Amino acid sequence: MSSERPRVLILGGGFAGVGAAKKLENADAEVVLVDRHDYHTFQPLLYQLATGLLETTAVGHSLRDLVERQENTSVHKGTVSAIDLDAREVQFEEIGPLTYDYLVLGLGAEVNFFGTEGAAEHAFPMYTLPNAVRLKDHLLERWEAAERDPSLVEDGALNVVIVGGGPTGVETAGAVVELYRADFAKDYPSLPQEEARVTLVEAGPELFSMFKPKIREYTAKALRDRTVEVQTGAMVASVSPNRVALKSGEELKAHTLVWGAGLQGNALVQSLGLELQRGNRIGVRPDLTVPEHPEVYALGDIAAIVDEKTKQVLPQLGSVALQSGEHAGEEIARRIAGKDIKPFKYKDKGTMAAIGRRAAVVQMLGGKTMTGTKAQLAWATVHLALLPTNEDRAHAVVDWAGAALTHQRTGRITVKTDDA
Ligand SMILES: Cc1cc2nc3c(=O)[nH]c(=O)nc-3n(C[C@H](O)[C@H](O)[C@H](O)COP(=O)(O)OP(=O)(O)OC[C@H]3O[C@@H](n4cnc5c(N)ncnc54)[C@H](O)[C@@H]3O)c2cc1C
């Protein structure tokens, strides 16, 4: 892999890494993109995969395919094991070390169980594609098991507790309850649907603390109308395979606990010798480079990027990751071409979440809000724009339209490689 051209090593093929790689297409550089997976994960739609609305290929896209037309770019599947910023070298578990002239850190965040007893062993996080497939398979397996042995219903086999009243928890709760009430009600007519409980647990006093009160009330009502039991001011103390204990002493019977309650920057950041900010995020300069390492960019969820307008740290969102990645790609290309560098400017696309059919919420930068069908259309538009290719957009539109017309979630099947 030797080259006369400067090497740009991009770690992580998420929104940030892919955004950077694409903007380097015409740069006079050797671009090397490495991810532990051979696919880009579209995290905002993981809950739709977990509830059978979308299939795996709508949420994971081949990284090689995304950059195949870029003559200067290669992709490797490898897990980063160590980064030496002084030596400008990265070690991987599966492939040899790589040196770099520019480094792009786009390794994202990982789940934070905040030390909750039993969570690491028994909870279902929603952060990766395997996480979503595992949750879907588990839900299907529990309904199949209850059909064979209805006494499991009383033990909570069909009950799901979702932790976290932010977008991940709310969207997952809305999707699980729709899967239950629209699809499983028909798939498993012998099982008592009314005894299959979906509970959303939030430690704070309200859901969606980042939204205006009007949106918080709309969300709680929309979920309750769909039979989600919302418990605010409740904290999970411990998790076992079939019980969730709350700090209040209450015990919920549930064979499934979905964790949507917290994130922290990728654990690798702790070994970099950099000063970290809240949530294990790397503080960056206005141009997104790391202090004392102008050749290193930290982007997306792994970085604490301060918005030049509001002076607040930007949230961990797909649009922040994509725009920061694109900015870094453009800047590296400009630097290689000997041009001036510019600070990063974030264009706010609003904060939004989908709760269910014809129920979504949007809050724009200026404070304007939208709910219902109008918000659902805005949500779909923004998320389609984030998808990496037109083919993925077409795929998602077909699946969403199909589900809207028929209420069918065609992905509700289990495929195991060790099955006959
Ligand atoms: C369930 C869920 C729902 C969300 N919904 C929304 C939403 O509706 N709207 C929105 O804007 N944002 C949403 N987000 C947030 C958004 O998805 C993230 O902000 C965004 O994915 C961050 O992009 P990134 O490139 O920084 O990191 P990631 O997308 O996490 O990419 C990091 C990449 O690094 C790779 N990687 C990690 N560790 C290693 C390693 N050691 N070696 C090699 N590769 C590694 C990973 O495989 C991954 O491909 C959601 C997130 C989640 C989890």
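The paragraphs below walk through two helix pairs, one loop residue and the surroundings of a ligand in this structure, which is a predicted model.

A convenient place to begin is helix α1, which covers residues 15-23, together with helix α10, which covers residues 318-336; their axes come within 7 Å and cross at roughly 30°. Since angles under 35 degrees count as roughly parallel, α1 is therefore roughly parallel to α10. The way in which α1 passes α10 is a right-handed crossing. On the α1 side, the residues that take part are F15, A16, G19, A20 and K23, and they meet G318, A321, L322, G325, E326, G329, E330 and A333 of α10. Sorted by class, the residues of this contact comprise six nonpolar, four polar and three charged.

Some of the residues just named appear again around the ligand. There are 29 residues around the ligand, and those that come nearest are D35, V80, D301, G318 and H383; G318 is also one of the α10 residues that meet α1. From α1, a backbone N or O atom of F15 lies 3.1 Å from an oxygen atom of the ligand, while a polar backbone atom of A16 is 2.9 Å from an oxygen atom of the ligand. In the case of D35, a polar side-chain atom lies 2.5 Å from an oxygen atom of the ligand.

Between α1 and strand β2, which spans residues 30-35, there is a loop, and D28 is found in it. Leaving aside residues up to four places away in sequence, D28 touches R5, P6 and I336, and I336 falls within the residue range 318-336 of α10. D28 can also be set beside R7, from which it is 21 residues apart in sequence and 9.5 Å apart in space, taken from C-alpha to C-alpha.

The other helix pair consists of α6, with residues 129-148, and α8, with residues 167-187, whose axes come within 13 Å and cross at roughly 50°. These two helices are therefore oblique to each other, and α6 passes α8 in a right-handed crossing. The contact is made by L139, L140 and W143 from α6 and by L179, Y180 and F184 from α8. By class, this contact has six nonpolar residues, with no polar and no charged ones.

Key
Residues numbered from 1 in each chain as written. Predicted model: local features only at pLDDT ≥ 70, side-chain atom pairs only at ≥ 80, totals over all residues. Heavy atoms only, no water. Axes fitted to C-alpha atoms, helices over the stretch in contact; angles between N-to-C directions. Helix = DSSP H or I, 4+ residues; strand = E, 2+ residues; numbered from the N terminus. Parallel < 35°, antiparallel > 145°, perpendicular 65-115°, else oblique. Left-handed = near helix turned anticlockwise from the far one by under 90°. Contact = heavy atoms within 4.5 Å. Nonpolar A, V, L, I, M, F, W, Y, C, P; charged D, E, K, R; others polar. Near = heavy atom within 4 Å. Polar contact = N/O pair within 3.5 Å; in protein donor to acceptor, adjacent residues only side chain to side chain.
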